[in-house]
Amino acid sequence: MSKPENLVTTPYDPRPFFDEMFVNSYSVRSHYQNIFLQFMSMKAGNLSKRQTATMKRMMEEGITFTLYSPDQAEALERTIPFDPIPRIIPRDEWLKLERGLQQRVKALNLFLKDIYHDQCILKEGIIPRKMVLSNCYFRPEMMRLSIPNDVYVTVSGIDLIRDEHGEYFVLEDNLRSPSGFSYLYKSRSIMTHLFPELVFNHSIQDIEISLNVFLSALRRLSPSGKSDPVIGLLTPGCYNSAYFEHTFLAQQMGIQLVEGHDLVVIDHKVYIRGIKGLRQIDVLYRRIDDDFLDPLAFDPNSMLGVAGIMNAYRAGNINIVNAPGTGVADDKAIYAYVPDMIRYYLNEEPILNNVPTYILSRPEERDHVLQHLDEMVVKETSLSGGYGMLIGPSASESELADFRLKIIANPDRYIAQPTIQLSRAPVMMDGQMAARHIDLRAFVIAGESIQVIPGGLTRVALKEGSLVVNSSQGGGCKDTWVTHS
């Protein structure tokens, strides 16, 4: 009988990128030593069985995401590809990230309060007035409206990347209805059940308590002051790409999962229809965009929202989380000014840096980008999920020419950034470790204090050489561990 092959025979060469596990081909970072040795000792057949069990478990539990592709006539529902090699972040490294994320979210909330009230940052010219007031996500309906505890953004997903030197940068702020919570918790659950020897042999920070933190934050934001407010999660319904996440969060936090037709507004109060009659709702965690929230206030054709809910909101009878109008703060052009917000509102220097960003409405910056378009990543300011992007180094001549015309025609709609050589981490491919680019979506909860869920969601670009990690573009994920020491 032939001897079973070990899972890994030779570590890959990480150069020229920063690699999370390997310093070079022959040296493993100290906090990955145990993980590396454990995976080296595994047999390929054993891991293959576990990976098959993982995919079966995800399918049985309905852990799916809807993948949209221009090459397909219909959307494809699939499981999120899950990689078993965890990403490990040492405690001292995490503490800096945590402080930087808390600082950033605090400044973003102050910015939103300011632009919907006194607009001091606009009057002083720190941020161009036109960039804010003409933004498609700016909601005049929110002007002078009082928000409980001045918390506009209760939950945010901040995307972080590392460059070739291992330095962290903030890539994007996701403030409207950031997704990925469920995959964070499910990744940990999968690792615990299928790879217990890996999890229990490491001292890693718990994430389950974060759901209680989230629930406490929602309760605290109730305008009624009730000790046990009624909380609902508003979903577009079962055909939404993130519906699994909506059901997961509602179930885990013990809150009502509702669709627009489940709610009715009477005398500026919002009620849930039920078999026992009407029940007033105090806090609504909405997972639909502003446009669809209230057909009387926004898009009159919306079938997803609740007619009159904005009137109830203005009357102080319900709190909507995250607040309508928060999208103006995660616009990709506004992103470039977040360091200025931190200096302006907090009188502090940013702990985490932005990726250098060109505002294409500025002629000199636009000219520079057009001259170096094949070196740039260009993004449409109002889009997310990896849509509306050009990655210059991998683009064809026709794609470059097409984007050049788009930028010239509508420069206000785009920003550009130099292509960052995203860090890489090993993933399992056909019984061997293979290098793939990654990022990190960190989740921040603003309640009584601002807390960051330890670790977040590491997203993986599964296509070799790709820099696009979004699940909506076919990316996968892996568990993220923050060590206790």
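Q: How are helices H3 and H11 oriented to each other: roughly parallel, antiparallel or perpendicular?
A: In this predicted model, the axes of H3 and H11 (lines fitted to C-alpha atoms over the stretch in contact, with angles from 0 to 180 degrees between N-to-C directions) cross at roughly 80° and come within 9 Å. Helices here are DSSP runs of H or I with at least four residues, numbered from the N terminus. Angles of 65 to 115 degrees count as perpendicular, so the two helices are roughly perpendicular.

Q: How many residues of the contact of H3 with H11 are charged?
A: Contact means heavy atoms within 4.5 Å. From H3 come Gln103, Arg104, Lys106, Ala107, Leu108, Leu110, Phe111 and Asp114, and from H11 Val338, Met341, Ile342, Tyr344, Tyr345 and Leu346. Ten is the nonpolar count, given as 10, beside one polar residue. Asp, Glu, Lys and Arg count as charged, and the charged residues number three.

Q: Within what arc do the buried residues of H11 fall?
A: Val338, Pro339, Met341, Ile342, Tyr345 and Leu346 are buried (under 20% relative accessible area, 1.4 Å probe, protein chains only) in H11, residues 338–346. They line one face of the helix because, seen down its axis, the directions to their C-beta atoms fall within an arc of 155°.

Q: Which residue follows H11, and what is its phi?
A: The buried residues of H11 pack against helices H3 and H4 and strands E7 and E15. After H11 comes Asn347, with a positive phi near 55°.

Residues are numbered from 1 along each chain as its sequence is written. Local features need pLDDT of at least 70 and side-chain atom pairs 80 or more, while totals for chains, interfaces and linings use all residues, and side-chain values use heavy atoms, leaving out hydrogens and water.

Technical notes. Buried < 20%, exposed > 50% of the residue type's maximum accessible area, 1.4 Å probe, protein only. Parallel < 35°, antiparallel > 145°, perpendicular 65-115°, else oblique.
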